[in-house]
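I opened my notebook to look through a structure that was new to me. I wanted to write down what I looked up, one place at a time.

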Amino acid sequence: MKSVFKNTSMTRLISPVIGGIFVSCGNIRQADRQQNVIVVLADDLGYGDVSGYGATTIQTPNIDRLTKQGLKFTCGYATSATSTPSRYALMTGQYPWRNKKARILPGDAPLIIGTDVETLPKMFKRAGYATGAVGKWHLGLGTGSIDWNGHIAPGPRETGYDYSYIMAATNDRVPCVYVENNHVVHLDGNDPIEVSYVRNFDGEVTGKEHPELLKMHPSHGHDQSIVNGVSRIGFMRGGKSALWVDETMAEVFLGSVKSFIDRQGNQPFFLYYGLHQPHVPRLPNERFAGKSGLGARGDAILEADWCVGQLLDYLDEKGLTENTIIVFTSDNGPVVDDGYKDDAVEKLGAHRPAGHLRGGKYSLFEGGTRVPFIVQWKGTVKPGTSDAMICQMDMYNSFARFTGQAADPKKDSRDVLDALLGRSQTGRTDLIQEAQGKLAYRRGEWAYIPSYKGPAFSKWTNSDLGNAPEEQLYHLGSDIGETENLAKSHPSELEELRKRFQEITKEVE
Ligand code: NG6
Ligand code: CA
């Protein structure tokens, strides 16, 4: 891959990026420092969940600020229909199915990214950036047995982040504490934390035995340790002073985001901001409770939207908007009932979280991985819509070129920088999509799903999973909702996609 410095048109394009070198090309402020990059990654937000992507039953004015001021992608993808593999691909630039451990992790799982692996934050660091990770992590911590009361490592810091303020896994999994850098926040040494995904601790109550103690009841699973009136996945004991309160989580992470930005002064930064909404349990701040009319899920989306607004306002206030690139997207498609009785199903009404796409979280259909994807770089990236196919995994090699570094051809990540910045309508030609260890393939206008055992439909989430005994082939250009299986009527296209799918997926590291 050619270095950006040898490419005159690109050099001109990104001249402010390598500011100081090409002072004449940018305004003085931009030339003084490199561009910041913030990736905002929502959790389970669907393609149809924001008004900028066509939702009419819910309004998301702040995310819409991004779609209006930035470039809205109609074919922006997560690699996966669940969190861990999706985040793994974003952080490493590699397909998650190359690593068998990249499956939904429990809260005490070891880190699944080798500390020697080149990661997105390490790539930015090589270009002189400060790096931060705030919010949902879900890539594991430690090497096997974590002492939550001591130095927790390896984790974000050992994979390239100078600073981190995270939840270990998901908001429905223990331990329900924040971890700042390598330590649990607000931990009282006299009240140590214990965590187990195997057995409960003596004297600790669970949601299963004591549903009367719950303010949020499970619909499936989620009946173990109770924290903040919500029973979770997994058992924990102790650490009372460190336990999070779901209703203030948005403020806590935002506070950390703002102070990270403040601390950077004139140094460019890369920030990964993993929103916890609208993943279960959906307990937004009381300011949002009941406000969407769509139940807890809609309210949590309003809170996520508010977080985006707060971030945008803060960047404006600090004069950073024009030299900060914001990428807004979601780790996987939407789910309505994901294990708690929170009224999301009852109040869904006409809202379609995946928009016109079929399936959602956990699904091999488009709704599993095609997500909102917006790039804002005010003053530089022209607002509009792009149909280029891009994936979160592509951040690595795209921003490598952006920061004047050579792309790593060994990564699955593709350099789609020109598409990201609206200079080209051409993104990747194809993408392997993953859902709970199974793989599907999009190439051009076609979507291919191999034959799979397993249920076609999830009764838990009330949604299509994509398994079928026969192969499936859909023409997305004319059938975005994947309603008509053309496998039998289009044998040559089927053969072509199957062949390419097999070629790519047999190449294991
Ligand atoms: C599932 C959980 C679901 C959610 C998901 C991970 C049950 C019944 N379901 O196992 O609630 O936590 O894992 O979601 O426990 S993700 O967005 O982090 O991938
Ligand atoms: Ca998720």
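My entries follow, grouped by place.

**Entry: the model**

I noted at the start that this is a predicted model. I kept that in mind for each value below.

**Entry: around ligand 1**

I began with ligand 1. Which residues come nearest to ligand 1? I found 20 residues around it, and Lys136, Asp172, Arg173, Asp338 and Lys361 come nearest.

Next I sorted this shell by class. I counted eight charged residues, eight polar ones and four nonpolar ones.

Then I looked up polar contacts. Arginine 173 has a side-chain N or O atom 2.7 Å from an oxygen atom of ligand 1. Histidine 279 places a polar side-chain atom 3.0 Å from an oxygen atom of the ligand. For histidine 138, the distance from a side-chain N or O atom to a ligand oxygen is 3.4 Å.

How much of ligand 1 does the protein bury? Taken alone, ligand 1 exposes 460 Å², and the protein buries 85% of that.

**Entry: the calcium ion**

I moved on to ligand 2, a calcium ion. Which protein residues serve as its donors? I listed Asp43, Asp44, Asp331 and Asn332, with Asp331 entered twice. These protein donors lie 2.2 to 2.7 Å from the ion.

Why is the arrangement called irregular? The six donor atoms subtend angles of 52 to 172° around the calcium ion, and this spread makes the arrangement irregular. For six donors to count as octahedral, opposite ones must be over 155 degrees apart and all others between 65 and 115.

I also wrote down the spacing of the donor residues in sequence, which is D-D-x286-D-N. The pair of aspartate 43 and asparagine 332 links distant parts of the chain, 289 residues apart. Aspartate 43 sits in the loop between β1 (36–42) and α3 (61–69). Asparagine 332 sits in the loop between β13 (324–330) and α8 (366–369). Both aspartate 43 and asparagine 332 are buried.

**Entry: glutamine 34**

I looked up glutamine 34 in the loop between α2 (28–32) and β1. Is glutamine 34 buried or exposed? Its relative accessibility is 18%, so I entered glutamine 34 as buried. The cut-off for buried is under 20%. The side chain of glutamine 34 reaches the backbone oxygen of alanine 127 at 3.3 Å.

**Entry: cis peptide bonds**

I then checked the backbone. Most peptide bonds are trans. I noted a cis bond from valine 174 to proline 175, with omega near 0°. Proline 175 lies in the loop between β5 (163–167) and β6 (178–180).

Another cis bond joins valine 280 and proline 281, where omega is about -10°. I placed proline 281 in the loop between β12 (269–274) and α7 (295–317).

**Entry: positive phi**

Most residues other than glycine have a negative phi. I looked up asparagine 228 and found a positive phi near 55°. Asparagine 228 is in the loop between β9 (226–227) and β10 (230–231). With 25% relative accessibility, asparagine 228 counts as partly exposed.

Tyrosine 362 also went into this entry, with a positive phi near 75°. Its place is the loop between β13 and α8. Is tyrosine 362 buried or exposed? The relative accessible area is 16%, so tyrosine 362 is buried.

**Entry: pairs apart in sequence**

Last, I looked at C-alpha distances. Where is proline 96? I found proline 96 in the loop between α4 (83–92) and α5 (120–126). At 1% relative accessibility, proline 96 counts as buried. Proline 96 and aspartate 412 are 316 residues apart in sequence, and their C-alpha atoms are 9.8 Å apart.

Leucine 275 belongs to the loop between β12 and α7. It counts as buried, at 2% relative accessibility. From leucine 275 to valine 308 I noted 33 residues in sequence and 9.3 Å in space, C-alpha to C-alpha.

Glycine 295 is in helix α7. Its relative accessibility is 7%, so glycine 295 counts as buried. Methionine 395 is 100 residues from glycine 295 along the chain, and 34 Å separates the two C-alpha atoms.

Definitions and conventions
Residues numbered from 1 in each chain as written. Chains lettered and ligands numbered in written order. Predicted model: local features only at pLDDT ≥ 70, side-chain atom pairs only at ≥ 80, totals over all residues. Heavy atoms only, no water. Near = heavy atom within 4 Å. Polar contact = N/O pair within 3.5 Å; in protein donor to acceptor, adjacent residues only side chain to side chain. Areas by Shrake-Rupley, 256 points an atom, 1.4 Å probe, with all protein chains shown as cover. Nonpolar A, V, L, I, M, F, W, Y, C, P; charged D, E, K, R; others polar. Donors = N, O, S within 2.8 Å, 3.2 Å for Na, K, Ca; no water. Tetrahedral: all angles 85-135°; square planar, octahedral: opposite > 155°, others 65-115°. Helix = DSSP H or I, 4+ residues; strand = E, 2+ residues; numbered from the N terminus. Buried < 20%, exposed > 50% of the residue type's maximum accessible area, 1.4 Å probe, protein only.
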